[in-house]
Each structure stands twice: as C-alpha cells, then as structure tokens.
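This report introduces a structure to a reader who has not met it before. It takes the strands, the helices and the RNA surface in turn.

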Amino acid sequence: MTNATFPKSERLSKRDLLRNVFTEGRGRTYAPIRVIYRFNEDETVGALQVCTSVPKRIYAKATDRNRLKRQLREAYRLRKGTLKSKLEEKQRKMSVVLIFIGKEAVSFQALQKQMDRALNWLEGKIE
RNA sequence: UCCACAGACCUCUCCGUCGCUUCUCGCUUGCGGGAAGAGGAAAGUCCGGACAACGCAGAGCAACUGUACCUCCUAACGGGAGGGCGACACUUUCGGGUGUUGACAGAUAGUGCCACAGAAAAUUACCGCCCUAGCAAUAGGGUAAGGGUGAAAAUGUGCGGUAAGAGCGCACAGGGCUUGGAUGUGAAUUUGAGUUCGGGUAAACCUUGCGGGUUGAAAGAUCAUGUAUACCAGUCUUUGAGAGCUGCUCGCUCGAAAGCUUCGGCGCAGAUUGGAGGGUAGAUCGAUAGAACCAAUGGGCAACUGUUGGUCUAGAUAAAUGGCGGGGCUCCAAGGCAAUUUAUUGCCAAUGAGAACAGAAUCCGGCUUACGGUCUGUGGUAUUU
RNA sequence: GGCUCCGUAGUUCAACUGGAUAGAAUGUCAGAUUUCGGCUCUGAUGGUUGGGGGUUCGAAUCCUCCCGGAGUCA
C-alpha cells in the first residue's frame with residue numbers, strides 16, 4: 001500500500017473550493033456514503049482534497065457525528081492510494097466531499113466495501 | 001435483601017501495527033526519533049470573576065435592574081459552611097430529641113386587588129336582638145352575642161356589665177409595638193414594665209437596606225495584499241443634520257419627544273484640496289503555569305486556609321484520541337462437573353459485551369440538568385438464625 | 001462561541017395584565033337539502049395551554065428549572 005497517510009494538506013478546508021463543490025459538483029450515492037466531486041484549477045492546493053461530513057439533522061449528538069466521521073476518514077485513508085497516483089499521473093486536481101447519510105451506523109467492513117466502489121467510480125471519471 | 005438520603009472514588013487495561021494534533025531534538029528541509037493528547041458533567045449558558053475594548057470632569061438625586069434571617073468562608077457570587085426561627089414527619093420518660101425542608105426584610109408607611117357565594121372582603125348591618133314613635137304596617141336609632149356563605153369573617157374562653165350588646169371592664173391564654181435587664185459577635189432566646197387587639201396578598205405596585213457603566217474572545221492587537229461614501233487638517237457654503245446593542249450627542253432661536261440641579265468643555269452638516277488607509281478573504285498573537293494539582297503538616301465544629309516539598313497536566317480551527325490483530329481483567333451466560341436439603345450451593349466455562357450520560361473551543365469558581373458502577377455511613381422495611 | 005425572542009384544538013389566531021365550562025374561524029365526522037356531488041344549513045368532535053416544581057383560595061397568565069423551535073452578530 002503506497003502512502004496511506006492523511007495530512008492536513010489533503011483536507012478540503014478552503015471556503016471557496018468547498019462552496020464550489022456543493023454548487024457545481026456532481027455526485028452519486030453508494031449505500032450510506034454520498035460522494036460529491038469537482039475538478040479544479042487552484043494552484044495553491046495539491047492534487048486531491050477531501051472533506052468528510054455527517055448531517056446534524058440525522059445525528060443530533062456530537063459524539064455520534066465524531067465517531068462516524070472518524071470511521072469515514074479511516075476507510076478513505078486506507079484505500080485512496082490508487083486514486084491519488086492516477087490523478088498525479090493525469091495532471092488533474094479534484095475536490096471530494098464524503099457525506100454519511102445512513103440512518104444508523106454500519107460495521108467498518110461494510111463501510112470499507114462501499115468506499116472501494118465509490119473510489120473506483122471516481123477513478124473512472126478521470127479522463 | 002430491598003428502598004431513600006449523604007459522602008468518597010472510578011469511568012476497562014496492556015502490547016504490536018497503520019494513521020491524526022501539538023511540542024521538542026536531529027539532519028539530507030521533508031523525513032526520522034522522542035514526549036504529551038477530552039469530561040464529571042467538556043452540556044445548559046443560570047450566576048460570579050479574570051481578561052479586553054468602548055465610555056467616564058466631579059458629585060448628588062431620580063430611573064432601570066438584581067438581591068434580602070444572622071455570622072463566617074471566598075478574588076467574587078444569587079454559591080458554600082455553621083447557627084437562629086418557622087413548617088412537616090417520626091419518636092417521647094411530655095422536658096424534649098432526631099430527620100427533612102423554607103425566595104425566611106417590611107402588610108402597624110402608602111396605593112391597588114380579593115371572582116362566585118355572602119348582609120358585609122375592611123370605617124360592614126340582610127335576618128335577628130333592643131330602644132323610641134305609632135292601633136298597626138312601618139320609620140328612626142343602637143348592636144356584633146346567634147344564623148348561614150366563603151379559601152379567608154374582626155383574638156379565644158369565662159365572669160361582670162347593659163335596654164340589647166360590645167376589650168366596655170376584669171381574670172386566664174395568645175399575638176403586635178415601644179422599652180429595661182440577663183445570655184450570645186449576631187440572628188435570636190428568656191424575663192420585667194407600658195401600650196395595643198389593626199384579615200390575606202409584596203413570585204401586585206411599592207418601601208427600606210445592600211449592590212450593578214455597557215458590550216463580550218465573532219472582545220481586541222499585529223502583519224501582508226490594497227483601495228472607499230469612513231477618519232484627520234485647511235478653505236468655502238448652508239440651518240437643521242448625522243448616529244445608535246452604550247443614560248444618544250451638539251453653539252444660538254422656535255417647536256414635539258428624549259429626566260433634573262450645580263458646574264467644565266465644544267459648533268454641526270455638505271462640497272472641495274491634501275493626508276491617511278476601511279471592508280472582504282487570510283495568517284499570527286490573544287491561547288493555555290493557573291485564585292493550578294498532589295502529598296505532608298499546623299489552624300478551624302465546618303466551609304476553608306497558613307507553611308513546606310513535589311509535579312507540568314489538551315490547545316484544535318471544519319476542529320486532533322480512530323481502524324485492524326492479540327493478551328489480561330470485569331460482567332451476562334448456553335452448557336459441563338461435583339455435592340446434597342432434588343432445587344439449591346460451589347467450581348469450570350464457548351460465544352457476546354466493555355456499557356450509561358456524553359466530545360474541550362479564551363480561562364477559572366459555583367449552580368442546574370443527564371447518567372453507569374463500587375465502597376462507606378445513617379434511617380426505614382421485610383425475612384432468617 | 002455570544003446575544004435575543006417564541007411555544008394555546010389537526011391548522012390560523014383570541015382569552016380585557018390572576019377569577020373558574022380556555023373561545024372564534026377553518027378542518028374532520030354525522031344529519032338535512034339534491035337524481036348524485038359541490039355550495040348552503042344544523043349538530044357533534046377535537047386541549048395534560050411544550051414538560052416538571054413553586055407562589056396564591058385560585059395560574060394559559062407570576063417565579064424558577066428543563067424540552068423544542070426561530071432569529072441575529074464576522
């Protein structure tokens with residue numbers, strides 16, 4: 001597995017980029033995970049930036065939201081290698097938002113399986 | 001055994017591995033090593049502070065707002081400790097004791113309100129009783145004993161007294177106010193004298209004592225980018241103009257609202273010229289060593305605190321504690337083994353779970369609310385020996 | 001993170017500053033009218049006044065603690 005880290009530079013935190021993803025991005029849903037992505041030409045950021053989110057409307061307690069975000073981030077971190085290397089190969093930049101929209105928590109194995117399918121779909125979009 | 005209350009403690013642990021945040025060391029400057037990394041409530045934002053900006057000539061009154069038995073603790077508090085008084089419960093050898101609890105100043109400073117019912121809800125007169133006038137019906141007056149109403153009815157009982165009655169007088173009992181003595185730092189307790197008998201409501205207005213400038217870290221400071229309608233200075237023009245989460249502010253005249261008195265200072269707005277650099281987005285500081293924690297010892301009934309020694313204990317900014325594998329421990333328990341009282345006790349234990357409430361956001365002291373477990377103490381209850 | 005405000009039938013609003021059965025419209029249901037339906041008329045239905053505790057003789061109203069919702073501040 002190549003480079004399974006998740007430093008701060010790979011997190012989507014700039015306000016303009018985040019707003020653009022939600023207004024102009026394209027998305028698809030894989031079981032409990034909603035994926036939204038958008039290509040960008042910002043020169044100050046790296047090739048791939050990701051933001052995780054859990055809606056407050058479904059999970060009212062902060063502890064539940066924190067735990068789901070950690071699991072979502074962990075599943076992404078372990079499987080993102082091929083997507084990132086392909087982006088660097090094709091000289092493209094991508095912003096991604098991962099939203100947990102399930103009504104109840106699922107096991108980590110099931111989450112990871114759906115994450116694989118979502119990342120494969122994103123790889124297919126790089127052309 | 002169960003229930004209630006009070007107090008103390010804990011919030012699984014260890015190893016490996018892949019990652020996250022901060023600090024630190026090393027060098028090859030983006031990698032490696034090391035250290036640390038959520039709570040008792042981090043919550044609600046209900047109080048009190050620290051800190052910051054703005055305001056402030058000084059002072060008094062008013063207004064607004066909070067608070068309210070006493071003493072102490074504390075940086076401060078509406079918090080806490082101890083005490084007083086009242087209420088309730090239990091108990092009693094009827095002296096009291098124990099426990100729980102109270103927004104516990106003033107209703108004898110004033111104003112208001114007290115529905116329905118009732119004669120009357122606070123200078124009361126419907127029935128009744130009594131007196132006078134009258135043949136009588138009735139009229140005038142006296143009265144608060146009796147009647148019923150209501151949440152609440154003019155202190156209660158007895159005797160005297162009277163036309164009938166009435167604290168009108170007296171005795172006993174009870175309450176209020178003023179005042180003297182004793183005890184106590186004080187609230188207060190106890191006792192003597194005088195006076196008095198005036199319903200409730202202040203979580204109605206209010207009165208009295210004490211306190212409060214306003215706004216809050218999205219406060220505020222700095223940097224880079226960079227330019228206004230904002231700011232400063234000069235000149236000219238005009239009489240009304242701008243601002244506001246702050247007791248709105250300002251020279252003269254008039255007028256409406258904005259609180260007053262003494263007193264100090266000062267023109268406002270528009271145009272234009274020059275200076276200067278606002279907003280937006282970002283970074284850094286604020287910002288983590290403190291009214292800190294732990295231990296020993298001294299003081300105090302206690303809250304708390306003095307001294308000495310030791311420790312460094314989260315600082316993130318879309319927001320850091322997670323994933324996987326293994327061991328231990330605890331709990332639930334299918335089932336197995338042994339013993340006998342044949343339905344109980346003891347031992348072993350696959351599998352499963354590691355919980356409940358819940359995630360720091362400037363920081364402290366409290367309060368309130370949510371909630372799992374262990375231990376100790378007190379009280380109650382039932383059972384067995 | 002701070003500050004401010006609100007909560008009454010299924011829905012939209014009342015209830016005169018504490019006074020008794022919490023009222024009106026609309027909705028729903030039933031009946032009448034109509035060949036049938038609508039409109040119309042009549043009647044009924046529906047509330048732990050967001051929840052708990054307190055003050056008071058009495059609370060939707062006053063006080064306090066929670067719960068839920070909304071607005072606002074760079």
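## An enclosed strand

In this predicted model, six of the seven residues of β4 are buried, so this strand is largely enclosed by the rest of the structure. The strand β4 comprises residues 94-100.

## The sheet

The strands form an open sheet of four, in the order β1-β2-β4-β3, and the pairing is mixed. The edge strands, each pairing on one side only, are β1 (26-30) and β3. From one strand to the next, the twist averages 20 degrees.

Strands of a sheet pair through backbone hydrogen bonds, either parallel or antiparallel. At one edge, β1 and β2 (residues 33-39) run antiparallel and are joined by five bridges; here Thr 29 stands opposite Arg 34 in β2. The strands β2 and β4 also pair in the antiparallel sense, over seven bridges, and Ile 36 stands opposite Val 97 in β4. By contrast, β3 and β4 run parallel, joined by six bridges. On that side, Cys 51 is the residue opposite Val 97 in β4.

## Helix α4 and its neighbours

Which strands does α4 touch where it packs on the sheet? Helix α4 touches β1, β2 and β4, and its direction makes about 20 degrees with that of β2.

Two packed helices are described by the angle between their axes and the distance between the axes. For helix α3 (residues 81-90) and helix α4 (residues 108-125), the axes come within 10 Å and cross at roughly 10 degrees. Because angles under 35 degrees count as roughly parallel, α3 is roughly parallel to α4. The contact brings Thr 82, Leu 83 and Lys 86 in α3 against Leu 119, Leu 122 and Glu 123 in α4. By class, three residues of this contact are nonpolar, one is polar and two are charged.

## The surface near the RNA

There are 20 residues around RNA strand B, and those that come nearest are Thr 5, Lys 8, Ala 62, Asn 66 and Phe 108. By class, the residues of this surface divide into eight charged, six polar and six nonpolar.

Which element gives the most to the surface near RNA strand B? It is α2, with eight residues. Both α2 (62-79) and β3 (48-53) supply at least two residues of this surface. The strand β3 is thus named twice in this report: as an edge strand of the sheet and as a contributor to the surface near RNA strand B.

Terms used:
Residues numbered from 1 in each chain as written. Chains lettered and ligands numbered in written order. Predicted model: local features only at pLDDT ≥ 70, side-chain atom pairs only at ≥ 80, totals over all residues. Near = placed C-beta within 6 Å. Nonpolar A, V, L, I, M, F, W, Y, C, P; charged D, E, K, R; others polar. Axes fitted to C-alpha atoms, helices over the stretch in contact; angles between N-to-C directions. Parallel < 35°, antiparallel > 145°, perpendicular 65-115°, else oblique. Contact = placed C-beta atoms within 7 Å. Pairing = 2+ DSSP bridges. Buried ≥ 20, exposed ≤ 12 C-beta atoms within 10 Å, placed from the backbone.
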